[in-house]
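Visitor: I would like to learn how to read the features of a model such as this one, step by step. Could you show it to me before we begin?

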Amino acid sequence: MEETTTEGLIEQQRRLACSDNPFERVFGSLLVAGLLKQKLALLSNDAVGRLMFDVVWNVLDVFSPELTICQAATERLRNSYSLVKTTKENLSQ
């Protein structure tokens, strides 16, 4: 069985969410959302932060509180990766 990428799951969920078929729209979207959630759990904070910036950020209204929350979360996730990487680099020296 071929492994689906995170980006593939995102596109699949978007397609299903817009489906004219109510079964696909509801159950298909929920199924893919569950698969996407499992895939996201395996990603590093840096990768999740990158996805938030690349995927979520672009569809938010610039004046919305959601954008501010997304920006703060992205910075936190990306900075936590840098902090862990720096700490590991310092320990190995």
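Visitor: Let me start with D46: is this residue buried or exposed?

Guide: Before anything else, keep in mind that this is a predicted model. Burial is read from the relative accessible area, with under 20% as the cut-off for buried, so D46, at 8%, is buried.

Visitor: With which residues does D46 form salt bridges?

Guide: D46 forms one with R50, where the closest N and O atoms are 2.3 Å apart, and another with R78, where the corresponding distance is 2.5 Å. The second of these pairs ties together parts that are 32 residues apart in sequence, because D46 lies in helix α3 whereas R78 lies in helix α4. The pair of R50 and D46 is a local one by sequence, since the two residues are four residues apart in helix α3, which spans residues 45–56, and are therefore separated by about one helical turn. Taken together, D46, R50 and R78 are linked in a network of salt bridges.

Visitor: How are the two arginines of that network classed by accessibility, and why?

Guide: The class follows from the relative accessibility, and partly exposed covers the range between buried and exposed. R50 counts as partly exposed because its value is 38%, and R78 is likewise partly exposed, at 32%, whereas D46, the residue that joins them, is buried.

Visitor: How many salt bridges does the structure hold, and where does R14 come in?

Guide: The structure holds three, and one of them is formed by R14 with E11, the closest N and O atoms being 3.0 Å apart. Both residues lie in helix α1, residues 6–17, and they are three residues apart, about one turn of the helix. R14 is partly exposed at 38% relative accessibility, and E11 is partly exposed as well, at 46%.

Visitor: Let me turn to helix α4. Where is T74 placed, and what lies 2.8 Å from a polar atom of its side chain?

Guide: T74 belongs to helix α4, which covers residues 65–92, and the atom that lies 2.8 Å from a polar atom of its side chain is the backbone oxygen of C70. Both residues are buried, because the relative accessibility is 6% for T74 and 4% for C70.

Visitor: Which residues are in contact with T74 once its neighbours within four places in sequence are left aside?

Guide: Setting those neighbours aside is a way to look past the local helix geometry, and what remains for T74 is contact with G49, M52 and F53. F53 is placed in helix α3, and with 43% relative accessibility it counts as partly exposed. Under the same exclusion, F53 is in contact with N58 and T74. A C-alpha distance gives a further reading of F53, which lies 7.7 Å from Q71 although the two are 18 residues apart in sequence.

Visitor: How should I read an aromatic pair, and how many does a search of the whole structure find?

Guide: A pair of aromatic rings is described by the distance of the centres and the angle of the planes. Here the search finds one pair, formed by F23 and F27, which is tilted, with 5.0 Å from centre to centre and 40 degrees between the planes. These two residues are four residues apart in helix α2, residues 22–41, and so are separated by about one helical turn. Both F23 and F27 are exposed.

Visitor: Which residues make up the largest nonpolar core?

Guide: In soluble globular proteins, nonpolar side chains tend to be buried together. In this model the largest such core has six residues, namely L9, I10, L16, V32, L36 and L51. Helices α1 and α2 each supply at least two of its residues, and the largest share, three residues, comes from α1. The contacts of L51, not counting residues up to four places away in sequence, are with T6, E7, I10, L40, L43 and V56.

Visitor: Finally, how many disulfides does the structure hold, and is C18 buried or exposed?

Guide: The structure holds zero disulfides. As for C18, at 63% relative accessibility it counts as exposed, in contrast to C70, which is buried at 4%.

How values were computed:
Residues are numbered from 1 along each chain as its sequence is written. This is a predicted model: local features need pLDDT of at least 70, side-chain atom pairs count only at pLDDT 80 or more; totals for chains, interfaces and linings use all residues. Side-chain values use heavy atoms; hydrogens and water are left out. Buried means under 20% relative accessible area, exposed over 50%, partly exposed in between (1.4 Å probe, protein chains only). A polar contact is a pair of N or O atoms within 3.5 Å; within protein, one must be able to donate a hydrogen and the other to accept it, and residues adjacent in sequence count only if both atoms are side-chain atoms. Contact means heavy atoms within 4.5 Å. A salt bridge is a side-chain nitrogen of Lys or Arg within 4 Å of a carboxyl oxygen of Asp or Glu. Rings of Phe, Tyr and Trp (its six-membered ring) pair if their centres lie within 6.5 Å; planes under 30 degrees apart count as stacked, over 60 as edge-to-face and the rest as tilted. A nonpolar core is a set of buried Ala, Val, Leu, Ile, Met, Phe, Trp, Tyr and Cys residues joined through side-chain atoms within 4.5 Å. A disulfide is a pair of cysteine sulfur atoms within 2.5 Å.
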